[in-house]
Amino acid sequence: MKLPNSSSDLPMHSSVVVIGGGIMGCSTLYHLAKYGVSDAILLERNKLTSGTTWHSAAQVRALRSTSNLTDLIKYSISLYSTLEQETGQQTGWINKGSLSIATNQDRMIHVRRQEALAHSFGVRASSITAGEAKERWPLMNADDVLGAVWSPDDGRVSPSDLCAALVKGAKVCGAKVFEDTGVKGIVTEGDRIIAVETEGGQIRCDAIALCSGLWSRENASMAGVDVPVWPCEHFYLLTKPVPGIVGNMPTLSDHDAHLYIRDDSGGLLVGCFEPEGKSISPQALGHDFAFQLLDEDWSHFEPMMLNAMHRLPVLEHAEVKMLLNGPESFTPDGSFLLGESAETRGLFLGCGMNSVGVATGGGGGMALAKCIVEGHMPMDLHEADPKRFATCFNSVKVLSERAPEVLGKHYEISYPGRQMATARNLRKLPLADKWVSEKASFGQVYGWERPMYFNCQSEPELTFGKPGWFDQVGQEVQQAHTGAAVFDQSSFGKIRVVGPDAERVLNRICANNMARSVGSVIYTAMLNEKGGFESNLTAFRLSEEKYMLFVGTASVKRDLAWLKRHIETGDRVALEDVTEHWAVLGLMGPDTEEIAQSVGAGSMNQLGYFRHDVFEVQGVRIRAARMSYVGERGWEITCPVAESGKLYDILYAQGARPAGMYAQSSMRIEKRFLSYGHDLDSDISPFQAGLDFAMDMDTEFVGKQALLQIRAALNSDNVTSIPDRVMVSILLEDVNAPALGNEPVYFNGKVVGRTTSAAFGYRVKRPVALAYLDNNIASDLQGLKVEVDIARSMFRGMIVTNAVFDPEGRRVR
């Protein structure tokens, strides 16, 4: 047996240093070595798998909320099932499938929506009866089970054996592992990684992969990077052998009871994600925490034990081996961190795994290694982008409040409109007090509390059917459609770009022509080298050397990082996040021109589309832009935060009334205005999205070469070269179709696409979905009849190749 490398053998330089010897660190090292980084090294402060990985229950379930996240775990399954053959080291891979049961109607809808997604993502899954579920798990009490979904390709693995196999494979390619080697510091120069300080000396490096689990927040802070992860206690019960357990069995998921169950050495492993988790400070764990466990807490586990005995009566007489309690780290939204940090170039994060580290580790390590080697992810993974969190989420108070709730929601039904209860009111809009007085129901995005709808007397019960806010949102849409409504858009990110080279730099980064006249409003995109969207944004040209970029609420850190990455040495330009300096109110509806006249700003009515200018409204200096995100005539009005209350009162006195985010979403879907993270991502090109009007091929910009190749293929005679998928609208026939987005679309019995956004269209009086569909299903998609799979019920709809509603009131019938 080959001994691990000694810290005295530490190199003076390594291209990439991996920090952390758990599943993510070992997988990242393995893939770096496979991709040719033969001098990559891994530093582990204790021994491999210490901390969290060694005690993981190590379930591997393929289906996730998106196709790309699912593909990560499908990759993990493929890797884990073949790694032993490659390395000769056992991984303990057991493929016995998984069984998800439902004991109430809403859970049944939830699992059937998951089953529908599985078919779309290429994952085998099928609905089975309660009786069929009991056949697969004979020890289960199925009296209250309504049905289940069976996923045959899922399995589990031995985490310690898996890490050993990954390290063995990495070492064959030249990588090295140094155990008992702690990191004391991270050295940066000009916001870029240059070295790691260890107990054995300094190692200069080009990049760091930070995969240090529970200690990632502390380690990242040494590089000036926010990593909002926090540990919670995680429990599972182990029993001695019990009658009826023969060989290996599927993993049994009883999420209504907060449980996962499987066999273990002839006995049972019963784990839980209890409704109220217990956080624990990393400082309380201590730096020497490695293979220790936390104290058993039977009083905390007792409610879960009662649930388990109901589901498995055999537990009543089973002999307990131990109640394992080990720490696992969680993020504020329940998704892991994967990718380069915003603050420091060369620091790549693979941490905050939210108890899916082993399942995700194979694919996550592959993706992180490719991001380091190639400069970008192999597929869009914006849900895991470390840049998605505002700084306010990185405080001890916020994390210690939020992490237990995240654990508790791990198995909760994903109702539309679900919100977190803890760590709220971190960022308030300038008009927050007014929205409270209007009885707003708030939703949190990037820390901001945004009004979702108004006149909320009490929070309604969440449902997959018609929501309690349905009629109120309809009234707000009607206000914008027939009168005048105010939409608070102040949370949109605002980036000030100033300098003699501002135009030239933005023309290089943005796909549209940024050399427009002062007063122009420019809708554009920032694309990657593959021609996919990194951002879609609106730019105001304020002067010859000054622009204001308006970006998505949750995109400002990501977009700033992208802009900085593409500013070259010598470029005379400065960037500043001025989001909190300015309020933005969207004044929309047919009465808006009369309102402008009434408040002494009638000249606003002469403003052309995609133009902006400065006006005065009863003493308030504003900048109005003639544009709309909801398909009604109006302006987006910017003013200093301090003046926003006065401006709103002026508009309110003229009959304008507030409308919330649900109304805005419904209206933008009717108008087929696309939203980043829903309808756009880094895998989607402007041709697929139908947004090629937002680029100017006469300029030179990032992604142009890829678009030229796509356009050449479009103009060729090769019918297979047309875009593989295109954005369409779908007008559903059933007025009660509960479309939410992320549903498979069928044509002639085959999956041909998936919805991206959906809402009830109050102006067209039907549910409307946006979807990407295969472009080869018909020569003309307009009017084609398709079916949308909503929780395994098929709803008919008609394809509309543009918007189902336009500002002139015309609609598709």
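This is a short walk through one protein chain, moving from a pair of helices to aromatic rings, a buried helix and a few unusual backbone angles. Keep in mind as you look that the model is predicted.

Let us begin with helices α1 and α2. Helix α1 covers residues 23–34 and helix α2 covers residues 67–87. Their axes come within 14 Å and cross at roughly 70 degrees. Angles of 65 to 115 degrees count as roughly perpendicular, and therefore α1 and α2 are described as roughly perpendicular to each other. If you would like to find the place where they touch, look on α1 for Ile23, Tyr30, His31 and Lys34. Their partners on α2 are Tyr75, Leu79, Tyr80, Leu83 and Glu86. By character, the residues of this contact divide into six nonpolar, one polar and two charged.

Stay with α2 a moment longer, for asparagine 68 also lies in this helix. Asparagine 68 has a relative accessible area of 16% and is buried. Which residues does asparagine 68 contact, leaving aside its neighbours within four places in sequence? They are Met379, Asp380, Leu381 and Asp683. Take aspartate 380 as an example: 312 residues separate it from asparagine 68 along the chain, yet the two C-alpha atoms are separated by 6.8 Å.

Next come the aromatic rings. Across the whole structure, a search finds 19 aromatic pairs. One to look at is phenylalanine 235 with phenylalanine 301: the ring centres are 6.5 Å apart and the planes stand at 35 degrees, so this pair is tilted. The two rings belong to distant parts of the chain, with phenylalanine 235 in strand β12 (residues 230–239) and phenylalanine 301 in helix α8 (residues 298–311), 66 residues apart. Are these two phenylalanines buried or exposed? Phenylalanine 235 is buried, at a relative accessible area of 0%, and phenylalanine 301 counts as buried at 0% as well.

Phenylalanine 301 also pairs with tryptophan 298, their ring centres lying 6.1 Å apart. Here the planes are at 80 degrees, so the pair is edge-to-face. Both residues sit in helix α8, three residues apart, which is about one turn of the helix. Tryptophan 298 itself counts as partly exposed, with a relative accessibility of 36%. Elsewhere, four aromatic residues gather in one cluster: Trp435, Phe454, Tyr648 and Tyr652.

Rings can also be found beneath charged groups. The charged end of arginine 45 sits over the ring of tryptophan 215, at 3.9 Å from the ring centre. In another such arrangement, arginine 136 places its charged end over the ring of tryptophan 150, 4.7 Å from the centre.

Now turn to helix α17, residues 661–670. Why is α17 described as largely enclosed by the rest of the structure? Eight of its ten residues are buried, so the description follows from that count. The buried ones are Met661, Ala663, Gln664, Ser666, Met667, Arg668, Ile669 and Glu670. Around them you will find several packing partners, among them helix α12 (470–482) and strands β23 (485–488), β36 (750–761) and β37 (766–774).

One residue of this helix, glutamine 664, makes a good close-up. With a relative accessibility of 3%, glutamine 664 counts as buried. Not counting residues up to four places away in sequence, glutamine 664 touches Phe487, Gln489, Phe492, Tyr629 and Val630. For phenylalanine 487, the separation from glutamine 664 is 177 residues in sequence and 7.6 Å in space, from C-alpha to C-alpha.

The last stop is the backbone. After α17 comes arginine 672, whose phi is positive, near 60 degrees. Alanine 423 has a positive phi too, near 50 degrees, although it is not a glycine. You will find alanine 423 in the loop between α10 (396–408) and β20 (427–428), and at 5% relative accessibility it counts as buried. Lysine 765 is another residue other than glycine with a positive phi, about 60 degrees. Lysine 765 lies in the loop between β36 and β37, and with 55% relative accessibility lysine 765 counts as exposed.

Terms used. Residues are numbered from 1 along each chain as its sequence is written. This is a predicted model: local features need pLDDT of at least 70, side-chain atom pairs count only at pLDDT 80 or more; totals for chains, interfaces and linings use all residues. Side-chain values use heavy atoms; hydrogens and water are left out. Rings of Phe, Tyr and Trp (its six-membered ring) pair if their centres lie within 6.5 Å; planes under 30 degrees apart count as stacked, over 60 as edge-to-face and the rest as tilted. Helices (H or I, at least four residues) and strands (E, at least two) are DSSP runs, numbered from the N terminus. Buried means under 20% relative accessible area, exposed over 50%, partly exposed in between (1.4 Å probe, protein chains only). A charge sits over a ring if NZ of Lys or CZ of Arg is within 6 Å of the ring centre and within 35 degrees of the ring normal. Axes are lines fitted to C-alpha atoms, for helices over the stretch in contact, and angles run from 0 to 180 degrees between N-to-C directions. Angles under 35 degrees count as roughly parallel, over 145 as roughly antiparallel, 65 to 115 as roughly perpendicular and the rest as oblique. Contact means heavy atoms within 4.5 Å. Ala, Val, Leu, Ile, Met, Phe, Trp, Tyr, Cys and Pro count as nonpolar, Asp, Glu, Lys and Arg as charged, and the others, Gly among them, as polar.
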